[in-house]
Each structure stands twice: as structure tokens, then as C-alpha cells.
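Here are some notes to go with your first look at this model. Open the structure alongside them and follow the points in order.

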Amino acid sequence: MNLGNILAVDDEQNIRRLIRNEFSLEGYDVTTAKNGEECLALIQQKQFDVILLDIKLPKLNGLEVLRKIKEISGTVEVIMITGYGDIQTAVNSLKLGAWDYVTKPFKLDELLSIVHKAISGKKQKNPSLSESDGDNYSKSKKFVICPSSAMQAVYQIAHRVAKADHTIMLNGETGVGKDVLAYQIHQQSLCSKGPFVVVDCGLLSHNLAESELYGHRKGAFSGATEAKIGLVEKSHTGTLFLDEIGNIDLELQKKFLRFLETRRFRRVGETREQCVDTRIILATNLDIKKAVQEGTLRSDLFYRITEFIITIPPLRERSEDILAMANYFLENLPHIGTPVGISKEAQAVLTSYPWPGNIREIKAVIRKCALFTDSGIIQPDDLPAHMKARHCESPHKSRNLEDIEKEYIISVLAETEGNQTRASEILGINRKTLYKKIHRYKIFS
Ligand SMILES: Nc1ncnc2c1ncn2[C@@H]1O[C@H](COP(=O)(O)OP(=O)(O)OP(=O)(O)O)[C@@H](O)[C@H]1O
Ligand SMILES: [Mg+2]
């Protein structure tokens with residue numbers, strides 16, 4: 001009997017041995033690798049159903065390996081194994097397409113159950129109905145209006161500026177919905193009939209960035225065997241969405257500046273300047289002020305170019321949206337199944353959880369839970385262990401945002417063993433703010 005092919009990637013021999021023994025006993029075929037390079041070589045040779053991937057690996061780290069795995073194989077599910085307190089990286093891994101994550105030290109039962117779910121989820125998935133994670137704009141335009149007053153204000157501003165041709169910066173934590181809002185703005189703008197061109201600035205390679213953006217003449221450099229139209233030119237009469245703008249290096253930011261100010265550019269290898277008529281939207285999940293202060297973002301890019309900053313608040317600051325989004329994702333599952341609901345107890349867990357991965361995380365959680373609930377109603381037990389663990393014992397007690405924030409800070413401080421620098425990184429706030437909050441909530445008294 002073979003329940004599925006598993007590849008366990010961990011640099012610790014003990015963990016590899018443990019996983020091999022336990023999973024083999026359960027009926028899985030287990031292969032192991034001690035680093036990312038071995039893992040990548042193995043997946044070229046053999047088809048795996050699930051990869052258990054340690055986030056901390058020598059040389060190529062887990063996230064890089066995950067990215068490469070997803071390039072090579074579109075079908076394998078990856079479960080990340082993360083160190084205690086490394087929630088942010090784990091959340092980032094969901095963004096890169098990991099199925100789930102477990103935190104070390106993990107219980108084998110927990111890991112077995114996640115692997116089992118991942119494999120049965122694969123079998124149940126209907127590929128023709130499954131949707132890419134909002135990245136393919138032409139296919140996935142689904143957008144739900146969040147009911148919170150904070151988001152209503154965001155939509156109002158977005159709607160108003162959409163009609164003008166202001167350069168807009170969308171700011172907010174990972175997963176809050178910057179990409180989907182950018183597309184909405186494009187849809188509501190006067191250039192909605194034109195193309196919506198996305199540039200993921202984080203993926204621009206330094207050497208080829210100019211040619212990617214501005215295009216090149218045939219023979220402009222070795223390897224330029226054909227002339228190429230760049231993304232900037234493709235966005236003419238439409239919108240150019242510069243996503244993750246904080247991820248481009250300063251030199252490139254400088255080169256960008258002139259184009260952003262003048263809309264003029266030159267294909268690599270050409271002397272003639274061209275001009276495009278393009279609406280520009282930028283997005284970043286960085287704390288803009290801090291990034292400017294620290295010098296990772298050019299101040300002129302933000303203060304001269306950006307005419308409007310729209311900040312999307314994190315989900316934990318707009319708890320009304322949590323259940324609205326959960327129900328929306330439940331009703332719009334990519335597979336057709338029996339109707340599902342969420343029990344009162346599970347709702348309490350959902351609303352008290354701080355959602356560091358924001359809407360992306362709630363989408364992933366709901367989709368997985370709905371797939372595996374036996375009763376048709378999602379119960380607290382169907383939710384991931386780390387969500388239940390931090391939920392307070394009395395779900396009926398009404399808790400305000402401050403209670404939730406206090407609890408979250410306490411749990412992060414516990415995870416980081418009191419290390420405030422690391423805690424502030426995980427929480428996404430600076431140390432001074434954390435210090436103030438610790439005092440305000442009398443956390444150590
Ligand atoms: N209002 C919404 N309606 C429906 N789905 C949404 C909404 N907002 C966000 N989502 C979904 O949540 C996920 C994350 O959204 P999005 O990619 O826009 O976030 P982001 O802020 O750009 O994140 P990052 O900073 O990590 O790039 C996507 O799968 C998207 O489809
Ligand atoms: Mg984004």
C-alpha cells in the first residue's frame with residue numbers, strides 16, 4: 001500500500017529519520033534530502049505528492065527552495081516546517097504557494113494529519129475550477145466589498161482618485177488586498193479599456209530590469225536576438241502597476257524616477273525617446289516612513305512622485321471584515337460541495353485571531369477547513385492548531401481590539417522568549433511602539 005510519495009527536506013538527521021520511520025509505518029513512500037539542492041534534484045527525477053520542507057536550510061533557504069519547487073512542479077503540495085517564533089516567514093511561505101506550515105516542535109499526529117489532508121485535498125481539487133491566488137487578473141477579478149467603516153473610507157478615496165490620473169501608492173501589510181484594490185482602481189478609471197500591466201518589482205533582475213521595463217532593440221546586448229517591447233510600453237493607454245516597489249534597489253529607483261515624472265523612456269540600445277500615456281499605481285508593504293528614514297526607499301520617489309497614499313488597514317484592525325470575508329470565501333469555494341457554515345465557537349476563534357497574513361491567510365484557512373469538515377459546519381477543531389492554541393478559553397466573553405492586541409503581543413513575546421527586537425519584527429511595528437504598548441498594557445507587571 002502506498003498512500004503517497006513524500007519528500008522530507010531537513011538538515012537535521014534526527015528529523016529526517018523520525019519522519020521516514022513514522023510515515024513509512026503509516027504507509028507512505030518516504031524519500032529524504034538534507035538540503036535544498038538535493039531536494040530540487042530529486043523532484044526532477046521523481047513525482048512527489050507532498051514535500052515537508054524545513055524553512056531554515058543551509059545555503060538555499062526554505063523559501064527559495066519553495067519558490068523553485070513551484071517553478072518546477074505545479075502539482076506537489078509543500079508543507080513548511082518552521083522554527084518557533086518564525087510566523088512571519090511561515091506566512092510568507094503561504095503567499096509563495098505552500099499548502100500549510102507546522103511549527104517546531106511539532107506533534108507527529110499533527111503532521112500526519114496535515115499530510116493526509118494535503119493529499120486528499122489534491123485528489124478532491126477540480127483543476128478546471130481552481131483559481132490562481134488572485135495573480136491572474138483577467139481570470140480572477142473576484143472582489144468583495146469589506147463592510148468595515150475603515151474599508152468603506154478606503155473605497156471612497158480609491159473611487160474618487162480613480163477617475164483622476166493621480167499617481168497612487170497603496171500601502172498595507174502583506175495580504176491586505178493591495179493587488180485587488182489596484183485592479184479595482186484601474187477598472188473604475190478612465191483608462192479601464194486599456195491594459196492593466198503588473199510589474200513585480202521584486203522579481204526584476206538587476207541586469208535585465210531596464211530591458212524588461214523599457215524593452216530593447218535587436219542586438220542591443222548579447223542575447224538580444226529579437227527586439228522586445230517592454231512592460232512600460234505595453235501599458236500605454238492603461239495602467240502600470242508597480243508592485244512591491246520597495247524591493248527594487250536604490251539605483252533602479254533612481255532610474256525609474258525620471259520615467260515616473262515624465263512618462264518618457266528609451267528602449268535599451270535606442271537613442272529615440274518615446275512617451276506613454278499611462279496611469280501609475282505603486283504598492284508596498286513596507287512602513288514607508290521607516291524605509292525612507294533607513295534609506296531603503298528614495299524619499300523623492302514617495303514625496304515627489306506619489307500624489308496619493310492609500311493605506312489599507314490590517315484585518316485585525318477591522319474585525320467586522322473577518323467573518324464577512326470568511327463567509328465570502330466559503331460561498332465561493334473553487335469546488336462544488338455540500339453547503340458549509342461556521343459554528344459560533346469557530347467564529348469566535350476566527351475573530352480573535354490576529355491574522356498576520358491578512359485576507360490571504362483567511363482565504364487559505366477557510367478553503368482548507370471547508371474541504372475537510374465532516375459535519376458541514378466548521379468547528380474549532382477543524383481550524384489550524386496555532387489558531388486554537390491562542391484563543392482565550394471563554395469565547396463568549398466580549399473582547400475589544402485592545403484585548404486582542406495585548407494577547408497577540410504576549411504570545412509573540414512568549415515565542416521570542418522576551419526578545420523585543422524580534423517580537424517587533426514579527427508584529428510589524430517598531431521597537432519604540434512595542435515598548436509603549438508593553439507599558440500601556442502592563443504586560444510585565
Ligand atoms: N476585497 C477582496 N475580495 C476578495 N478577495 C480578496 C480581497 N482582498 C484580498 N483578497 C484576496 O486575498 C489575497 C491577497 O490579496 P492581495 O494579493 O491583493 O494582497 P497584497 O496586499 O497585494 O499582498 P502582498 O503585499 O503580499 O502582495 C488574494 O488571494 C486576493 O484575491
Ligand atoms: Mg501584492
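Which helix does T262 lie in? Keep in mind that this is a predicted model.

1. T262 belongs to helix 10, which covers residues 250-262. Is T262 buried or exposed? T262 is exposed, because just 10 other C-beta atoms are found within 10 Å, and the cut-off for exposed is 12 or fewer. Have a look at C275 as well: T262 and C275 are 13 residues apart along the chain, and their C-alpha atoms are separated by 8.1 Å.

2. Now for the sheets. One is an open sheet of five strands, ordered 2-1-3-4-5 and paired in parallel. Strand 2 (29-33) and strand 5 (100-103) are at its edges; each has a single partner strand, so one side of each lacks a neighbour in the sheet. From one strand to the next, the twist averages 20°. If sheets are new to you, strands pair through backbone hydrogen bonds, either parallel or antiparallel.

3. Let's walk along part of that sheet. Strand 3 (residues 50-54) and strand 4 (residues 77-82) are parallel partners over five bridges, and I51 has V78 of strand 4 as its bridge partner. Strand 4 also pairs with strand 5, again in the parallel sense, over four bridges. Here I81 is matched with V102 in strand 5.

4. Which residues of strand 5 are buried on its two faces? D100 and V102 are buried on one side, and Y101 and T103 are buried on the other, so to speak a strand covered on both faces. As background, side chains in a regular strand alternate between the two faces of the sheet.

5. Next, the helices around this sheet. Helix 3 lies across strand 3 and strand 4, and it runs at about 155° to strand 3. Helix 3 (residues 62-72) also packs with helix 2 (residues 36-45): the angle is about 10° and the axes are 10 Å apart. Helix 2 and helix 3 are therefore roughly parallel to each other, as angles under 35 degrees count that way.

6. What makes up the contact between helix 2 and helix 3? From helix 2 come G36, C39, L40, I43 and Q44, and they meet E64, V65, K68, I69 and I72 of helix 3. By type, the residues of this contact are six nonpolar, two polar and two charged.

7. Helix 4 (residues 87-95) deserves a stop too. Its buried residues are I87, A90, V91, S93 and L94. Around the axis they cover an arc of only 155°, so they sit on the same side of helix 4. What covers them includes helix 3, strand 4, strand 5, helix 15 and helix 18. After helix 4 comes G97, with a positive phi near 105°.

8. Helix 18 (residues 420-427) can be read in a similar way. A423, S424, I426 and L427 are its buried residues. Looking down the axis of helix 18, you find them within an arc of 160°, so they line one face of the helix. Just after helix 18 sits G428, whose phi is positive at about 75°.

9. There is another open sheet of five strands to find: its order is 7-10-13-6-14, with parallel pairing. Strand 7 (196-200) and strand 14 (308-311) are the edge strands, each pairing on one side only. Its twist averages 20° from one strand to the next. Inside this sheet, strand 6 (residues 168-171) and strand 13 (residues 279-284) run parallel and are joined by four bridges. I168 stands opposite I281 in strand 13.

10. Finally, two backbone angles to check. T237 has a positive phi near 70°, though T237 is not a glycine. T237 is in the loop between helix 9 (231-234) and strand 10 (239-243), and T237 counts as exposed because it has 12 C-beta neighbours inside 10 Å. N358, another residue other than glycine, has a positive phi near 55°. N358 lies in helix 15 (residues 358-372). With 24 other C-beta atoms within 10 Å, N358 is buried, as the cut-off for that is 20 or more.

Notes. Residues are numbered from 1 along each chain as its sequence is written. Chains are lettered from A and ligands numbered from 1 in the order in which they are written. This is a predicted model: local features need pLDDT of at least 70, side-chain atom pairs count only at pLDDT 80 or more; totals for chains, interfaces and linings use all residues. The arc is that of the directions from the helix axis to the C-beta atoms. Axes are lines fitted to C-alpha atoms, for helices over the stretch in contact, and angles run from 0 to 180 degrees between N-to-C directions. Angles under 35 degrees count as roughly parallel, over 145 as roughly antiparallel, 65 to 115 as roughly perpendicular and the rest as oblique. Two residues are in contact if their C-beta atoms, placed from the backbone, lie within 7 Å. Ala, Val, Leu, Ile, Met, Phe, Trp, Tyr, Cys and Pro count as nonpolar, Asp, Glu, Lys and Arg as charged, and the others, Gly among them, as polar. Two strands pair if DSSP finds at least two bridges between them.
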